[in-house]
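Reader: I am in my first year and would like a close look at one part of this model, the place where helices pack together and the annotated sites that touch on them. Please explain each term when it first comes up.

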Amino acid sequence: MTSPEPTHAGRYPAGSLAFPHRGLLGLAGVAPHELLFLLDEAEQWVELNRQPQKRADRLAGLTIINAFFENSTRTLLSFEIAGKRLGADVVNMHAAQSSVKKGETLIDTAMTINAMRADAIVIRHGSSGAVRLIADKVDCPVLNAGDGQHEHPTQGLLDALTIRTAFRNRIGSDFNGLVVTICGDILHSRVARSNIHCLTTLGAEVRVCAPPALMPVGIEQMKVTPYHDFDKALAGADVVMMLRLQQERMEGSFIPSPREYRHLYGLTLERLAKAKPDALVMHPGPMNRGVEIDSNVADLADRSMITRQVEMGVAMRMACLEVLTRKARGVEGWS
């Protein structure tokens, strides 16, 4: 089969071949040109969201269901704003108000939602694999807003977009030469997994740092370098991404105490000095100030990207919703 003619200076092929996936369940196995395509698509929405009039009607007449079986504030709000700024009708379904609490199975819920003919479904669930289970039962695109310890793909994408916009004059489109250190609860973090898949695919060097009990076995197979010494992991880093301790996913004692954890793995100003002088500070939120990150680091005016990550999140989710509904909207080249 002949390869399609690439567009956009050879970065990715035209039409639906630029992103041929029906939904967005994870970033594992997504090709570099597909990631670059989504990053480029998101940039137009960054600009729109900075204007007084923030609404576009690309998705007018479409219905998006945000089915959140796990509590969330920022992710749900981000997807809701993204859908509404695109002109879609957005319906939020909270698990506490759903029949799942009354014993209805996940498959029954999926089939019920499907019968309502939603045009896209955004799903957050506490169990790994639950989103794929639903995606296999519905007819419309499904976006994973986080499932168990598996993935959180739009978080990985928005973090890559944050890095690219901050380092636009320093890095190429493929992130080659960039050193990213991710520190914290790697074991339980779907954010870490999606970031690892995304950033290594784009060419970055990724280091992961955690106490031994919070480091997944065989993490090296994900093309990252593991560290237990945070100071060594920080040396020469361009980006420092901190993760919170996910106590709700822990059974038993993984760390001696929050105070001991901060001493060994907390990001302080003194510790940040071991990274590059202009290293960015990132955190997907919510933060545990004074544990994994000090307030005077989280609030650094020129280097903390934490609020920019939130901004980029709306733009990236707008891009994903717009791209994944192109076939249903009959956009040329997306049959």
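Author: What follows goes through the helix pairs one by one, with the annotated positions and two backbone details in between.

The model is predicted, so local features need pLDDT of at least 70 and side-chain atom pairs count only at pLDDT 80 or more, while totals for chains, interfaces and linings use all residues. Residues are numbered from 1 along each chain as its sequence is written, and side-chain values use heavy atoms, with hydrogens and water left out.

Two packed helices are described by the angle between their axes and the distance between the axes. Helices here are DSSP runs of H or I with at least four residues, strands are runs of E with at least two, and both are numbered from the N terminus. The axes are lines fitted to C-alpha atoms, for helices over the stretch in contact, and the angles run from 0 to 180 degrees between N-to-C directions.

Helix α2, residues 74-85, packs against helix α11, residues 306-324, at an angle of about 55°, and their axes are 8 Å apart. The two are therefore oblique to each other, a word for what remains once angles under 35 degrees are called roughly parallel, over 145 roughly antiparallel and 65 to 115 roughly perpendicular. The crossing of α2 and α11 is right-handed, meaning that the near helix is turned clockwise from the far one by less than a right angle, whereas an anticlockwise turn would be left-handed. In this contact (heavy atoms within 4.5 Å), α2 contributes R74, T75, S78, F79, I81, A82, G83 and R85, and α11 contributes V310, G313, V314, R317, M318 and L321. These residues divide into 7 nonpolar, 4 polar and 3 charged, where Ala, Val, Leu, Ile, Met, Phe, Trp, Tyr, Cys and Pro count as nonpolar, Asp, Glu, Lys and Arg as charged, and the others, Gly among them, as polar.

Helix α11 has a contact with α1 (residues 32-49) as well: their axes come within 8 Å and cross at roughly 120°, and the two helices are therefore oblique to each other. This crossing, too, is right-handed. Among the residues that make the contact are F37, L38 and W45 of α1, together with M312, V314 and M318 of α11. By class, the contact has 14 nonpolar, 1 polar and 3 charged residues.

Helix α5 (residues 153-166) and helix α6 (residues 190-201) pack at about 55°, with axes 8 Å apart, and they are therefore oblique to each other. Their crossing is right-handed. From α5, P153, Q155, G156, L157, D159, A160 and I163 meet V191, S194, N195, C198 and L199 of α6, and this contact holds 7 nonpolar, 4 polar and 1 charged residues.

Some of these helices carry positions from the UniProt record, whose unreviewed entry gives "binding site" for R74, T75, R124, H152, Q155, G285 and P286. From this set, the lining of the largest pocket takes in R74, T75, R124, H152, Q155, G285 and P286. Q155 is placed in helix α5. The unreviewed UniProt entry also lists K102, R190 and R244 under "binding site", and of these the pocket lining includes R190 and R244. R190 has its place in helix α6.

Two backbone details remain. Most residues other than glycine have a negative phi, and most peptide bonds are trans. G285 and P286 are joined by a cis peptide bond, with omega about -10°, and P286 is found in the loop between β11 (280-282) and α10 (295-298). R117, in the loop between α3 (106-115) and β5 (120-125), has a positive phi of about 60° although it is not a glycine.

Definitions and conventions
UniProt positions are given in the numbering used here, feature names are shortened, and annotations may be inferred rather than shown by experiment. On a 1 Å grid over the protein atoms alone, a cavity is a set of points where a 1.4 Å probe fits but cannot get out, and a pocket is an open set with protein on both sides within 12 Å along at least five of seven lines; lining residues have an atom within 4 Å of a point.
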